[in-house]
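Me: Let us go through this structure by question and answer. Please keep each reply short and end on the item asked for.

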Amino acid sequence: MTKDLAANSYYFIPPNANVVQEANGAFGPVQGSETTQYRVTSKFSTSEEVSAYAICSGQVFLQPHASDTSKVNLILRPFKQPVKGLSIKYFIYRGLNKVDFIPTGNTNLVSYNQKDTATEFIKLLWKQLEDFDDTAIAQPFEAKWIGYDPENQQQDTFIDDYFFIADAYGDEDNETLKPFELPIVPAGTELAHFKGDFGLDAVLSDGDYKALSSNTGFVFNLDYARAAECIIDTANVPTGYAEKQYREAIHDFMDPAAFWGLHFSEAGKVYTRDGSSGTLVKKENQQIYNDIVSKFATKNNVYIHLQGHLGRSYNYYDSYTSVIGETSVLKTGTNQDATRAVMPSTNGWPLIIQNEEQNHNDVVNKIYLQFVYQNDGEPILFGEIANLVEGENNFLTADQLIPENTVIENNDPLLDFYTKPATISIPAVGNSATKENIASYVKLLYQGSKLEVTNPDTGGLQLIKPVDTLFGPVNIEQRLVSADQEVISWSSYYKNRLAQTKIIDSKGPNNKIALQTKIIANKIAFEENGEMTTISSILYESQFFEGVSDGLYLNNFPQSEIPRANSVPFLKQQNNTYRLSPPNYIATEFFTDGFTTLKGLRIYNTLKEYPNKFMLGISDEQNSMLKNVIEINKLKNTTMFLSPLSSDGSLFISTENLFYGKYKLGVLSDNELGIPIIYFPDDEIIVYSLDENIYFSKDYSQNILNDSALAFDLTIERTL
């Protein structure tokens with residue numbers, strides 16, 4: 001559960017329908033093949049025809065059903081997220097009646113003359129078309145306008161290519177894949193009907209960027225969209241690193257039972273439609289469990305996702321095994337005084353499933369977790385989606401995690417390699433003797449060990465510090481670009497990363513923060529020889545999502561959610577280049593590195609507060625050099641890496657008496673053995689920082705304008 005959960009959605013079928021989900025059709029390891037197959041489609045069956053409703057407002061995309069020509073699959077991409085703090089990429093309805101959309105053939109939807117007996121979705125489409133052009137009702141409504149065009153669609157095409165409007169999505173002849181926008185339906189809209197076998201996927205999102213390669217090997221293409229069900233199967237994956245990587249794909253999905261279980265809170269509401277009358281009914285608190293969650297075979301499962309280094313699962317790189325020499329690197333249980341050492345997985349899958357009954361009179365169950373940590377570090381735990389009982393802003397820091405009387409200095413041996421128990425609270429139902437969990441999803445970010453990476457320049461190991469990996473990923477392209485006009489576009493990366501940073505020039509404490517990143521393809525115009533010239537660059541902007549400490553970061557409010565992908569036309573004459581949002585602004589200051597004079601950049605704040613973000617600016621050409629490294633080496637799970645050029649990581653000092661950091665920019669990724677390694681382009685990319693908030697290459701900073709004058713403009717001040 002989130003700290004301030006605000007959940008509001010619809011149930012996808014009437015709660016009073018005669019629908020069955022057998023245990024072998026549930027989300028999780030497949031019975032009989034638990035170690036090799038993981039079902040991420042929740043499967044159901046019904047002998048009657050029942051309505052399917054839009055779980056939330058969103059865009060709709062229709063596709064064939066691979067196993068039954070009388071059925072279709074529907075992908076719903078949320079327009080507004082139904083649960084705060086949780087980003088859903090798609091809901092996929094598998095097995096809807098095709099005739100509810102396409103009465104015959106594959107070409108046209110239900111006609112205008114037949115709309116009165118059609119579903120709410122069809123009526124809505126015709127109403128929108130009629131409002132737009134009332135003469136259009138005399139023509140067929142083509143099925144391809146809502147994505148159904150199987151004869152002209154390749155199965156390896158990505159689903160996202162049809163959701164994001166951008167004429168860059170074309171073939172080599174610059175023909176667009178889709179010159180129209182998919183329709184948006186309101187939450188609760190009757191979409192179609194189920195009968196017989198059907199399924200539902202809830203797919204999680206880590207951003208709205210376009211990935212150049214999959215981090216796991218699993219891809220969301222039309223082949224996946226059309227399947228009757230989806231099972232993550234390792235049978236055809238090479239054993240070793242490739243299989244280990246592929247298993248991480250289960251983190252892209254969540255059990256629908258847990259999705260509606262997350263609504264079980266003071267703020268949570270689920271709306272349903274009565275199956276016979278269609279009356280809208282609001283479900284709250286206990287009703288959510290009784291009428292919705294309890295319909296699932298997995299109604300009492302709690303899924304715990306432990307994210308560790310570099311966005312991978314806890315102990316993915318065996319960093320905790322290295323500390324204690326064991327593979328059971330987690331202690332867990334329902335009694336804090338009797339936790340047991342376990343593998344951080346279920347049947348070999350990197351997700352912990354906990355469904356143990358408890359005996360007490362409280363309204364919540366408690367799950368206790370103890371993590372391995374190194375004796376000369378500072379462990380940190382963040383509950384991205386969790387109710388951490390002892391947490392501050394859902395953080396637990398070293399003071400709360402390290403057992404009392406434990407020596408952590410000078411690498412002295414520890415008496416116990418495990419943290420104190422961290423307590424997760426889960427809503428519970430039942431009597432005092434059998435308190436059962438309400439299905440839920442927990443995501444925790446933990447760092448308690450060091451991770452070293454092979455540096456190709458030295459051939460030795462180099463310690464990865466949080467400041468080295470503030471930005472990323474690298475293997476992406478912008479979602480919204482244009483082939484026929486210049487635009488400034490940006491995408492967002494939702495996956496949080498942990499960092500502990502010291503306030504610059506201050507005796508204050510460290511800040512413990514979780515960061516998300518916005519990647520901007522920026523442009524700026526200059527006049528040269530009487531003509532306006534446009535220069536392109538890439539800006540990574542990592543803003544803190546949540547944090548804890550007494551430091552100045554917390555005077556500057558964190559963002560609640562990173563914006564979706566977007567773009568704006570770039571107008572040379574107006575030079576509407578991307579600028580920081582007030583009260584932050586960038587000011588320039590010249591300094592000398594050896595014999596080279598550079599235009600330095602600093603982030604300032606008109607409210608005299610410490611900036612709440614980190615930034616990295618490089619030229620478009622330099623960004624292409626990094627992407628080329630990824631393509632040549634076929635890298636996955638990439639992130640920007642700032643490798644300090646001073647031997648001890650200390651700062652340099654210029655002839656102007658300014659302190660600055662100097663770094664070599666590369667890409668951090670797993671090699672073919674799953675070991676993290678730094679890859680550098682053949683031509684070095686050097687970046688600098690004057691304030692350890694903004695990092696910049698010379699090619700980037702030389703084109704940046706000084707915003708200090710704009711920052712104090714009275715008009716801007718009135719809008720702060």
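The turns below cover model confidence, a small sheet, one helix and one glutamine.

Me: What does the protein average in pLDDT?
Reply: The model is predicted, and confidence varies along the chain. Residues 166-179 stay under 50 in pLDDT, although the model gives them 26 contacts beyond four places in sequence. Residues 503-509 are also below 50, with twelve contacts beyond near neighbours in sequence. Of the residues, 90% score at least 70, and the protein averages a pLDDT of 87.

Me: Which strands stand at the edges of the open sheet, each with a single partner strand?
Reply: Three strands make up this open sheet, with antiparallel pairing in the order E3-E4-E12. A strand with a single partner has one side left without a neighbour in the sheet, so the edge strands are E3 (28-29) and E12 (231-233).

Me: Which residue in E12 stands opposite Gln37?
Reply: Strand E4 covers residues 37-39 and runs antiparallel to E12, with three bridges joining the two. In E12, the residue opposite Gln37 is Asp233.

Me: How far apart are the end C-alpha atoms of helix H9?
Reply: Helix H9 has 14 residues, 620-633. At 1.5 Å a residue, the expected span is 20 Å, and the model agrees because the end C-alpha atoms are apart by 20 Å.

Me: What arc around the axis do the buried residues of H9 cover?
Reply: Gln622, Asn623, Leu626, Val629 and Ile630 are the buried residues of H9. They lie on the same side of H9, because their arc around the axis is only 110 degrees.

Me: Which residues are exposed on the other side of H9?
Reply: Buried residues of H9 include Leu626 and Val629. Lys634, with a positive phi of about 55 degrees, comes just after H9, so to speak outside the question. On the other side of the helix, the exposed residues are Glu621, Glu631 and Ile632.

Me: Is Gln354 buried or exposed?
Reply: Gln354 is found in strand E19, residues 352-354. Its relative accessibility is 8%, and the cut-off for burial is under 20%. Gln354 therefore counts as buried.

Me: Which side chain does the side chain of Gln354 join in a polar contact of 3.2 Å?
Reply: The side chain of Gln354 reaches the backbone nitrogen of Glu356 at 3.2 Å, but that partner is a backbone atom. Leaving aside neighbours within four places in sequence, Gln354 is in contact with residues including Asn300, Thr334 and Ile367. The side chain joined to Gln354 by a polar contact of 3.2 Å is that of Asn437.

Methods: Residues are numbered from 1 along each chain as its sequence is written. This is a predicted model: local features need pLDDT of at least 70, side-chain atom pairs count only at pLDDT 80 or more; totals for chains, interfaces and linings use all residues. Side-chain values use heavy atoms; hydrogens and water are left out. Helices (H or I, at least four residues) and strands (E, at least two) are DSSP runs, numbered from the N terminus. Buried means under 20% relative accessible area, exposed over 50%, partly exposed in between (1.4 Å probe, protein chains only). A polar contact is a pair of N or O atoms within 3.5 Å; within protein, one must be able to donate a hydrogen and the other to accept it, and residues adjacent in sequence count only if both atoms are side-chain atoms. Contact means heavy atoms within 4.5 Å. The expected span of a helix is 1.5 Å times one less than its number of residues. The arc is that of the directions from the helix axis to the C-beta atoms. pLDDT is the predictor's confidence in each residue, from 0 to 100. Two strands pair if DSSP finds at least two bridges between them.
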